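Thanks for making time. I will take this one in order: sheet, first helix, charge pairs, then a few loose ends.

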Amino acid sequence: GGTFAAADATHLPFKDCSFDKVSCSEVLEHVPEYKKALKEINRVLKPGAKAVVTIPNRHSLKGITKGYHSFMNRVFNRCDLHPYDEWKTREELKTALRKSGLEVQEELGVDFTPQFFRSPALRRIFIGMAGFVEDKIRWTLPGCGNILAMIAVKGSLGKANKGPGEKDA
C-alpha cells in the first residue's frame, strides 16, 4: 500500500518540515548540484531534526589515488574523467552543510582499513595489532578515512518538534 516516487535530489516531492531524520549515504558525489540537494534536505527537515550524510573523502588514500589516475587520464588521453572532483574534503562538506542551514554536530572518518586488509584473516591480524590506533585516528582526526560521515542538525535544538506556524504550548 505504499507510494512510489522518483525524485530529483534538488527538488524533493515533500512538504516543508516533513521529516525528523534524513539519511544521505554515498549520494552527494553523484549530484552535480549537491549544494541544492543539501538545501532541499534542510527544507524537508523539521527544526531540530538531524541529517546524516556520508560521502567519499577526497583527501583519503583512495581519493588521492583516484585523483592521480584522473589527472593522468586528462594529461595523456585528454579524457574528461573526473570522479575525484565529485568527492569532497571535510571542509567542503562542512561548509556546504553550514551554508544550507545545517550545523554539523558530529563527524567521523570511516573505512580507514586499507583495501589489502579486506580478507577476514588479514583483518583479524590487523585489528589485533593496530585496531586501537585506527580507532584513535578516526576519532581524533575526523578527516581521515575513505568516507566522511557527518551528523548535522537543522536550527537550534530549542525549536525541536515545532513546525512552522505552530504555537508555543
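**The sheet and what packs on it**

Let me start with β4, which is mostly covered: of its eight residues, seven are buried. Keep in mind throughout that this is a predicted model.

Who are the partners of β4? On one hand there is β2, which pairs with β4 in the antiparallel sense over seven bridges. If you want a residue to look at in that pairing, take Ala51, which stands opposite Ala152 in β4. On the other hand there is β3, joined to β4 by eight bridges, and these two strands also run antiparallel. There the residue to pick is Val110, whose bridge partner in β4 is Ile147. As a reminder for reading the side chains, those of a regular strand alternate between the two faces of the sheet.

Now step back to the whole chain. It has five helices and four strands. Read from the N terminus, the order is β-α-β-α-α-α-β-α-β. The chain is 169 residues long, and 36% of them are buried. Of the contacts between residues at least 6 apart in sequence, 81% join residues at least 24 apart. The exposed area comes to about 10800 Å², with 59% of it supplied by carbon and sulfur atoms.

Next, helix α1, residues 34-44. Which of its residues are buried? They are Tyr34, Ala37, Leu38, Glu40, Ile41, Asn42 and Val44. And what covers them? The cover includes four strands by name, β1 (19-25), β2 (45-56), β3 (102-110) and β4 (147-154), along with helix α4.

**Charge pairs**

In the whole structure the search finds eight salt bridges. The general point is that side chains of opposite charge can pair when their charged atoms come close. I will go through three of the pairs.

The first one I want to show sits in the helix we just left. Arg43 forms a salt bridge with Glu40, with 2.9 Å between the closest N and O atoms. Both residues belong to α1 and are three residues apart, about one turn of the helix. Is each of them buried or partly exposed? Arg43 has a relative accessible area of 23%, so it is partly exposed. Glu40 is at 12%, and therefore counts as buried. The cut-off that separates the two is 20% relative accessible area.

The next pair is Glu107 with Arg90, where the closest N and O atoms are 2.5 Å apart. Glu107 lies in strand β3 and Arg90 in helix α4, so this salt bridge ties together parts that are 17 residues apart in sequence. Glu107 is buried, because its relative accessible area is 15%. Arg90, at 28%, counts as partly exposed.

Then there is Arg98 with Glu103, with the closest N and O atoms 3.8 Å apart. Here Arg98 is partly exposed at 41% relative accessibility, and Glu103 is partly exposed at 43%. Apart from single pairs, there is also a network: Asp16, Glu40 and Arg43 are joined into one by salt bridges that share partners.

**Loose ends**

A few items remain. One is Thr89, in the loop between α3 (83-86) and α4 (90-99). Is Thr89 buried or exposed? Its relative accessibility is 9%, so Thr89 counts as buried. What is it in contact with, leaving aside neighbours within four places in sequence? The contacts of Thr89 are Asn57, Arg58, His59 and Leu148.

Another is the cysteines. How many disulfides does a search of the whole structure find? Zero. Cys17 counts as buried, because its relative accessibility is 16%. Cys24 also counts as buried, at 8%.

The last item is on the surface. Phe71, Val75 and Phe76 form a nonpolar patch there, and together they have about 330 Å² of accessible area. Val75 belongs to helix α2, residues 61-77. At 40% relative accessibility, Val75 counts as partly exposed.

That is the end of my list. I will take questions with the structure on the screen.

Notes: Residues are numbered from 1 along each chain as its sequence is written. This is a predicted model: local features need pLDDT of at least 70, side-chain atom pairs count only at pLDDT 80 or more; totals for chains, interfaces and linings use all residues. Side-chain values use heavy atoms; hydrogens and water are left out. Buried means under 20% relative accessible area, exposed over 50%, partly exposed in between (1.4 Å probe, protein chains only). Contact means heavy atoms within 4.5 Å. A disulfide is a pair of cysteine sulfur atoms within 2.5 Å. Patches are made of residues with over 30% relative accessible area and no salt bridge: like charges are joined within 9 Å, nonpolar side chains (Val, Leu, Ile, Met, Phe, Trp, Tyr) within 5 Å. Accessible areas come from the Shrake-Rupley method with a 1.4 Å probe; for residues, only the protein chains shown count as cover. A salt bridge is a side-chain nitrogen of Lys or Arg within 4 Å of a carboxyl oxygen of Asp or Glu. Two strands pair if DSSP finds at least two bridges between them.
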